[in-house]
Amino acid sequence: MAAERDGAPKQQTAKALTGLRDLVLKGEVLHGERLSEVALAARLKVSRTPLRAALQKLEQEGLVVMIPSGGYAVRSFSRQDVIDAIELRGVLEGTAARLAAERGVPPVKLKAILDVVASLDRVVEPGPGAMDFGLYEMLNERFHRQLAALSGSEVLSREIERITGLPFASPNAFVNTEADVPAFQRTLVIAQTQHRAIISAIELREGTRAEALAREHARLARQNLDFVMEEQPDLRSKVLALALMSS
């Protein structure tokens, strides 16, 4: 019984965190808007104590900020902030790829990520019209998580997890709109070619090449961002990852 009582607050905090993050990332709470603890607690059906813990966690993740008058507001990001976050992800993942190549990767870990690449090949092979985008998203997330782990650096893995926690810096930032946008669909084929090349460079112990490939891979997100902002701005509302961008 004591264990159940101890677990209840953690479950409430997890519920508050999941619900609050979902509201923020889907744009249901506008950037710059002050977050009312009373209204949010009622909406998420949690008490204010776990809600405050969830707000503190989202502040650490960079999604909300404390305001001078007290409380929190949803953080607003400029287009340059988004570009910088994507660039930083490329730097971090590039470093992870280089370290993996230089330090070497245990065969079991190399096989695991090669299996993911093979699964992605099967998803991409039918072409955009018949592609399972949900499965692609799951496998793509797994590839990037395993790539970070190949570095052998827990510090680096944590920093990659932190930056990819920002929705627009996630490897899947634009995947949820791929099915509707031919230009985005083409980037998936390019991305998969890059996945294979990154792992090949790591396997061949080519650190500089692995790093360059991983950094170039992250820039696909920048290309998609530029496409949305400059060529098809009407798509912006479909890209949930851009809900926090102010301009």
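Here are two short exercises, with worked solutions, on a predicted model.

**Exercise 1. The sheet**

Task: Work out the order of the strands in the open sheet, and find which strands lie at its edges.

Solution:
- Start with the whole sheet: its 3 strands come in the order E1-E3-E2, and the pairing is antiparallel.
- Next, look for strands that pair on one side only; these are the edge strands, E1 (34-35) and E2 (64-66).
- Now add what packs on the sheet: helix H3 (residues 48-61) touches E1, E2 and E3. The direction of H3 makes about 105° with that of E2.
- Then zoom in on one pairing: E2 and strand E3 (residues 72-74) run antiparallel and are joined by 3 bridges.
- Finish with a pair of residues you can find in the model: valine 64 stands opposite valine 74 in E3.

As a reminder, strands of a sheet pair through backbone hydrogen bonds.

**Exercise 2. The cavity**

Task: Find how many cavities of 30 Å³ or more there are, then describe what lines the largest cavity.

Solution:
- Begin with the count, which comes to 1 cavity of 30 Å³ or more.
- Take its volume next: the largest cavity has about 160 Å³.
- Go on to the lining, made up of 17 residues. Nearest the centre of the cavity lie Pro171, Ala191, Leu220, Ala221 and Asn224.
- Ask which elements give two or more residues to this lining: they are helix H6 (133-150), helix H8 (182-203) and helix H9 (207-231). H9 supplies the largest share, 4 residues.
- Last, sort the lining by type: 9 residues are nonpolar, 6 polar and 2 charged.

How values were computed
Residues numbered from 1 in each chain as written. Predicted model: local features only at pLDDT ≥ 70, side-chain atom pairs only at ≥ 80, totals over all residues. Heavy atoms only, no water. Pairing = 2+ DSSP bridges. Contact = heavy atoms within 4.5 Å. Axes fitted to C-alpha atoms, helices over the stretch in contact; angles between N-to-C directions. 1 Å grid on protein atoms, 1.4 Å probe; cavity = no way out; pocket = protein on both sides within 12 Å on 5 of 7 lines; lining within 4 Å. Points joined across faces, edges and corners; volume = space filled by probe spheres on them. Nonpolar A, V, L, I, M, F, W, Y, C, P; charged D, E, K, R; others polar.
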